[in-house]
Amino acid sequence: MNASDLNKLKKIFSALELPMNPDESLNYDAFGRLIEYELSIGVEGFYCMGSSGEALLLSLEERKQALEKIIQIVNGRVPVIAHVGTVRTQDAAVLARHAAAAGADAVSMIPPYYYKFSMEEIIRYYETVCDSVPDIGMIVYNIPQFTGIEFNKENAGRLLSNPQIIGVKHTSNNLYALERMKAAYPDKVFFNGFDEQLIGAFAMGADAAIGTTVNVFAPLFVQASRLFRGGEIARAFAVQREINYCVEEMCKVGIFSAVKYILSKQGIEMGDCRRPFHALSPQECAGLDRLTAQYRQFCAQNQICV
């Protein structure tokens, strides 16, 4: 990808959640309402079939069909990044080739998990998938709390020196590692992955963001980014505190289930997350209703359009 294409990725991305029917099948009928709603509240791109999209609870065929549906609905209005990572190299390569053919703007992968693979094996995993689909950029997904692998300037140097590796989704609290990678590889795109550290990540070199709560609170992220880029740091941190309050409350009941519930209250039939995730209790839903009311009050007081 050239510099212009990379700049198109420096946006606020929703880590898109997927609607489910009561029988846990994907509710493709709700995809359009979901995507149009998120675009209407300011989402600037979609990161599909990642953690928030329950990727590892989906079959390969479901991941393909869901991506095709999303790309069809988005129709080029914003960039779409397809997460294709899984433990089996051949499956990741199949998903990557499919994503490229379907029209994704880039692909992304977690490192292979469960087995304690060596760093050499992990690097070869990425290189093998890249070689299988050379015409699309790859974003390394750094999420050590789930995979047990923490990427940094040293161990990811070979990957970041590869022109096909265009960036890193940094879902890690280690902002020092983020800054060191960005300083060493300034032409790569670095995405913050923890919503609760958006402004801190921007200060340490992140170019963009991919977040779970962007699904429902995109106006806060767009406003925080605008204020930070405009040098209004104190106001940006005020918005960050509101984001952090929302994250804190949603994590009490399960962040992925909380997002689905709040979206459902907007008239989008999201259903529940797939088992073994649990359905929310009435008390948990009532707490999320209070949270949403406070969010709207904050936005009204700060003239943030929702």
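At 57% relative accessibility, Lys252 is classed as exposed in this predicted model. The side chain of Lys252 takes part in a salt bridge with that of Glu249, with an N to O distance of 2.9 Å. Glu249, in contrast to an exposed residue, is partly exposed, having a relative accessible area of 23%. Salt bridges with shared partners also link Glu120, Arg124, Glu127 and Arg158 into one network.

Within that network, Arg124 pairs with Glu120, and the closest N and O atoms of the two lie 2.7 Å apart. Both residues belong to helix α5, which covers residues 119-132; because they are four residues apart, about one helical turn separates them. Glu120 has a relative accessibility of 32% and therefore counts as partly exposed.

A further salt bridge is formed by Arg77 and Glu36, whose closest N and O atoms are 2.6 Å apart. Arg77 is located in the loop between α3 (60-74) and β3 (80-83), whereas Glu36 is part of helix α2 (residues 31-40), so this pair ties together parts that are 41 residues apart in sequence. Partners on both sides of the bridge are partly exposed: Arg77 has a relative accessibility of 44%, and Glu36 has a relative accessible area of 36%. In total, the count comes to 14 salt bridges.

The charged residues were also considered as a whole. The protein chain carries 29 positive and 34 negative charges, and the mean positions of the two sets are 3 Å apart.

As for the overall architecture, the secondary structure of the protein chain consists of 13 helices and eight strands. The C-alpha trace spans about 50 × 50 × 35 Å along its principal axes. For a chain of 306 residues, a compact globule would be expected to have a radius of gyration near 19 Å; the value computed for the protein chain is 18 Å, which agrees with that expectation.

Burial and contacts complete the description. Of the 306 residues in the protein chain, 56% are buried. When contacts between residues at least 6 apart in sequence are taken together, 70% of them join residues at least 24 apart. The accessible surface of the protein chain amounts to about 12,900 Å², and carbon and sulfur atoms account for 51% of this area.

Conventions
Residues are numbered from 1 along each chain as its sequence is written. This is a predicted model: local features need pLDDT of at least 70, side-chain atom pairs count only at pLDDT 80 or more; totals for chains, interfaces and linings use all residues. Side-chain values use heavy atoms; hydrogens and water are left out. Helices (H or I, at least four residues) and strands (E, at least two) are DSSP runs, numbered from the N terminus. The radius of gyration is taken over C-alpha atoms; the globule rule is 2.2 Å times the number of residues to the power 0.38. Buried means under 20% relative accessible area, exposed over 50%, partly exposed in between (1.4 Å probe, protein chains only). Contact means heavy atoms within 4.5 Å. Accessible areas come from the Shrake-Rupley method with a 1.4 Å probe; for residues, only the protein chains shown count as cover. Lys and Arg count as positive and Asp and Glu as negative; His and the chain ends are not counted. The place of a charge is taken as NZ of Lys, CZ of Arg, CG of Asp or CD of Glu. A salt bridge is a side-chain nitrogen of Lys or Arg within 4 Å of a carboxyl oxygen of Asp or Glu.
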